[in-house]
Amino acid sequence: MTPLTYDVVVIGGGMAGFTSALYLTGQGYKVAIISKGDPVCCLSTGCIDVLSSDKNPLDGIPGLSRDHPYHLVGKKGITDALNFFKRIMQDTPIPYSGTPRKNRTILTPIGTAKTTCLVPMTMAGSETESDTYIHVISFKGLKDFFPSYITSGRRNIRFSLYDAGTSSTIGIATLFEDKSFRREFISWIQNLELPHGKVAFPAVLGIRNPLKILTEISDQIGREIFEIPTLPPSIPGLRLFRTLKSSFIKSGGDNYWGKVIASVESQGDQIEAVTLKSPGRPSRVPGKAFILSTGSFVSGGLYATRNTVKETVFDLPVFVPGTRKDWFKEDFFQAGHAIETAGIKVDSSFRPVNTRFGNLFVSGSILSHAEIMKNHCGHGLAIATGFRAAKICEEFLS
Amino acid sequence: MSFEHCVRCTVCVENCPVFKVEPLFPGPKQAGPDAQRFRLDGEKSVDQWVRLCSQCKRCEVSCPNDVEVSEIILNAQLKYSREHLSPFSSHLFANTYYISGLGSLAAPVFNRVSSWGISKGVMSLLGIATSLPFPSFRFLTLQRGWKRRGRGARKVVFFHGCFLNFNRPDIGRGIRDLLASLGVQVIIPKQSCCGLPALGNGDLDMARKYAQQNAATLARYIDKGHDVVYACTSCGLTLVRDYPGVLDITLGEKISENTYNVHEYLLSLIENGYTELAPAQVNMTIAYHIPCHLRALGIGYPAARILERIPGLTCHLMEDNCCGLSGSYGFKKKNQGISRKLGQLASSAIREREVEAIVSDCGACRMQLSHYTGLPAFDPSELIVESMKKP
């Protein structure tokens, strides 16, 4: 056995980090992921938004600001990355539906239509435009999911409530893993004698094998079924995260979870290792190359002080849009607050600009000018830049 | 980070095993940071559901803001226990060390009697769950065997904990002899319970008493150049984290800095070129169930990295489920239902993988999962020892 220096150490276990890590383990590299905790992806709908402005998400790219990271990846790069993601998910319990060249809409818990690109197969049947009859089946007391929001906005939708004996998304999703619960639930639906059309559920149809459960119910009640994503705690987000993490582990990757980076060891322009803050003795994770994908403010990759913004691991220079008074618009709900452009500026090889580190690459929402909230490009950006950064990292290693 | 750093994102709620199956528990966010601001000094706690937390620490590992969720809950549990009478079963389990000592002294009798119907009836009256067979005791404990093995430049003191001592000394002996065969001097000093059962049952004073005894012993060896190694991941987490943390032991920092998981230690020996490991073929497909407290240690999964080097061994790493036993937690009648449901969930995930055996670092996880899957369960070191036997 040789002393273990990882080929690549990925810092940040979210969509971008896992995309990089899965690509690299797939190419035979030894990879570790260090993460402070579970990513924002756990709170997401599980859908992959690429860009919401046009029918083809890629058509919206020319309209983005000059510095948007999508320009560094290009249309082909984005398509390749999304296809890579679809391929990875294909062999898991949560395959995805859709193509990178077409946006679609899904039904939300308040009855509106959300534009997105790739969706988990359990949401593939989601209807927002046609006049098909939809019957929503929700659960008594389920928090933050009020079917009347959906029915009040549209004709031809009705709902029924099932008493599962518990009222959290996690609790109900756990019950769905149990065969006898499903049996009782299915016979309850059969007794409703629903009109023809589709049946929609909040996204709680199990955690580990949702598609299998959905198919089982669908077969037995003879109706097409789809899931509606819920507010956090979001089961589709949790499924996506767990699936990525277990795919990574299965591919031979190591993970250090719940760990904060205490210090960075470097020699000249090369980072040699990071140490993790632990009670007692800090543990050391050495690597040949490093990918930073710690996310933006919510995930703790960026931290705002009163007057400036800091990058929390390597203290990289951060692009900050003007002074604090320029950061926010007056109206909170107006899209495009300037602070959204804050982040790390990278060159075309995804190395941070104005730093000495030659073996550090940056990807995901920590990149400057991504403006995820405004462009609706979160997971898409993470996958596209994570994939590209991994490919460049691979060139660097060989 | 204090409770004020919580941004209410609910990631911890997604990770809480108890919340998954018990609607009476409001989840780590509400039980921890949310309720914390109402827990004022001098006001009696009313949050009796806080005792439903099993201290698996999954909330803390998942928290993206580094909030010490389970520590907040642990302190709330201790506060609740201080202010209320604890049930008899809690006193019993806090004293696991003494009871196990008695149990192993009278092992043949005790093991027989504990399986009798009438004894189960008595235990049930005392609030003890009887659905899971009680672990049997061994008279020839680790403490009653060789206390010193091997020679070499590397010296370790082995903290075996209660389970390996009283219930599975064979595993302890395997680890002792494995280390010795790799050129490590192993010492097994007299030691107490790590203190976790007392801490988990609301008896801070007793936990500190144990911790102080152990810390004094271990520190003496550390001063003489020994490293501390542990095999039980819950004992390990207590030594590394709680001795300098919630138990606030004077020598806590020293213990914490010098304590290693046994597989972490083995890996370091191999990676530094001190020794070589040439495992022989072991043809088996296993599910490696990661104990929650190994996750919480944040040292990665060192045993998995050794197991992956054993030719013929196919290892499915399972880390999404808590086994539900959580030491004495699942042995209490009031938690029996929660524990059973979690055990079944973890077991069905394992059964889907079609494995021949389960491997886990934690004795409690092994007991629980073996019971619900009907599969044999091993400590990783048992497989390593097996693979090192010359054919």
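## A cis proline pair and a positive phi in chain A

Pro233(A) sits in the loop that links β10 to α7 (235-250) of chain A. In this predicted model, the peptide bond between Pro232(A) and Pro233(A) is cis, with omega at about 0°. A second backbone feature to look up is Asp144(A), whose phi is near 60°, a positive value in a residue other than glycine. You will find Asp144(A) in the loop between β7 and α3 (147-153) of chain A. As background for both spots, most residues other than glycine have a negative phi, and most peptide bonds are trans.

## The parallel sheet of chain A

Both of those loops follow strands of one sheet, so to speak of its layout is a good next step. Four strands of chain A make an open sheet with parallel pairing, in the order β8-β7-β9-β10. Its edges are β8 (157-162) and β10 (224-228) of chain A, each of which pairs on one side only. From one strand to the next, the twist averages 25°.

Strand β7 (residues 134-139) of chain A runs parallel to β8(A), and 6 bridges join the two. To locate this pairing on your screen, start at Ile134(A), whose bridge partner in β8(A) is Ile157(A). Helix α5 (residues 179-192) of chain A lies across β7, β8 and β9 (198-202) of chain A, and runs at about 140° to β8(A). Helix α6 (residues 210-221) of chain A also packs on the sheet, where it touches β9 and β10 of chain A. The direction of α6(A) makes about 140° with that of β10(A).

## Helix α1 of chain A and its two partners

Helix α7(A), met above after the Pro233(A) loop, packs against α1(A): their axes come within 10 Å and cross at roughly 25°. The two helices are therefore roughly parallel to each other, and α1(A) passes α7(A) in a left-handed crossing. On the α1(A) side, the contact uses Met15(A), Phe18(A), Ala21(A), Leu22(A) and Thr25(A). These meet Leu240(A), Phe241(A), Leu244(A), Lys245(A), Ser247(A) and Phe248(A) in α7(A). By class, the contact of α1(A) with α7(A) has 8 nonpolar, 2 polar and 1 charged residues.

The other partner is α2(A), which packs with α1(A) at an angle of about 75°, with the axes 11 Å apart. That angle makes α1(A) roughly perpendicular to α2(A). Met15(A), Thr19(A), Leu22(A) and Tyr23(A) of α1(A) make this contact with Phe84(A), Phe85(A) and Ile88(A) of α2(A). The contact of α1(A) with α2(A) divides into 6 nonpolar, 1 polar and no charged residues. Met15(A) and Leu22(A) appear in the contact with α2(A) and also in the contact with α7(A).

## An aromatic pair between α1 and α2

Over all chains, the count comes to 32 aromatic pairs. One of them joins Tyr23(A) and Phe84(A): the ring centres are 5.9 Å apart and the planes stand at 70°, so the pair is edge-to-face. Planes over 60 degrees apart earn that label. Tyr23(A) belongs to helix α1 (residues 15-26) of chain A and Phe84(A) to helix α2 (residues 70-90) of chain A, so the pair ties together parts that are 61 residues apart in sequence.

## The mixed sheet of chain B

Over in chain B, 5 strands form an open sheet in the order β1-β3-β2-β4-β5, and the pairing is mixed. Here β1 (148-149) and β5 (259-261) of chain B are the edge strands, each pairing on one side only. Strand β4 (residues 227-230) of chain B pairs with β5(B) in the parallel sense over 3 bridges. Within this sheet, Tyr230(B) stands opposite Asn261(B) in β5(B). Helix α16 (residues 262-271) of chain B packs on the sheet and touches β2, β3, β4 and β5 of chain B, with its direction at about 90° to that of β5(B).

## Helix α11 of chain B, between sheet and helix

Helix α11 (residues 169-181) of chain B lies across β1, β2 (154-159), β3 (184-187) and β4 of chain B, running at about 150° to β3(B). α11(B) also packs with helix α21 (residues 380-388) of chain B at an angle of about 50°, with their axes 9 Å apart. That makes α11(B) oblique to α21(B), and the crossing is left-handed.

From α11(B), the contact is made by Ile171(B), Gly174(B), Ile175(B) and Leu178(B). From α21(B), Ser381(B), Glu382(B), Ile384(B), Val385(B) and Met388(B) take part. The contact of α11(B) with α21(B) has 6 nonpolar, 2 polar and 1 charged residues.

Definitions and conventions. Residues numbered from 1 in each chain as written. Chains lettered and ligands numbered in written order. Predicted model: local features only at pLDDT ≥ 70, side-chain atom pairs only at ≥ 80, totals over all residues. Heavy atoms only, no water. Pairing = 2+ DSSP bridges. Contact = heavy atoms within 4.5 Å. Axes fitted to C-alpha atoms, helices over the stretch in contact; angles between N-to-C directions. Parallel < 35°, antiparallel > 145°, perpendicular 65-115°, else oblique. Left-handed = near helix turned anticlockwise from the far one by under 90°. Nonpolar A, V, L, I, M, F, W, Y, C, P; charged D, E, K, R; others polar. Phe/Tyr/Trp six-rings, centres within 6.5 Å; stacked < 30°, edge-to-face > 60°.
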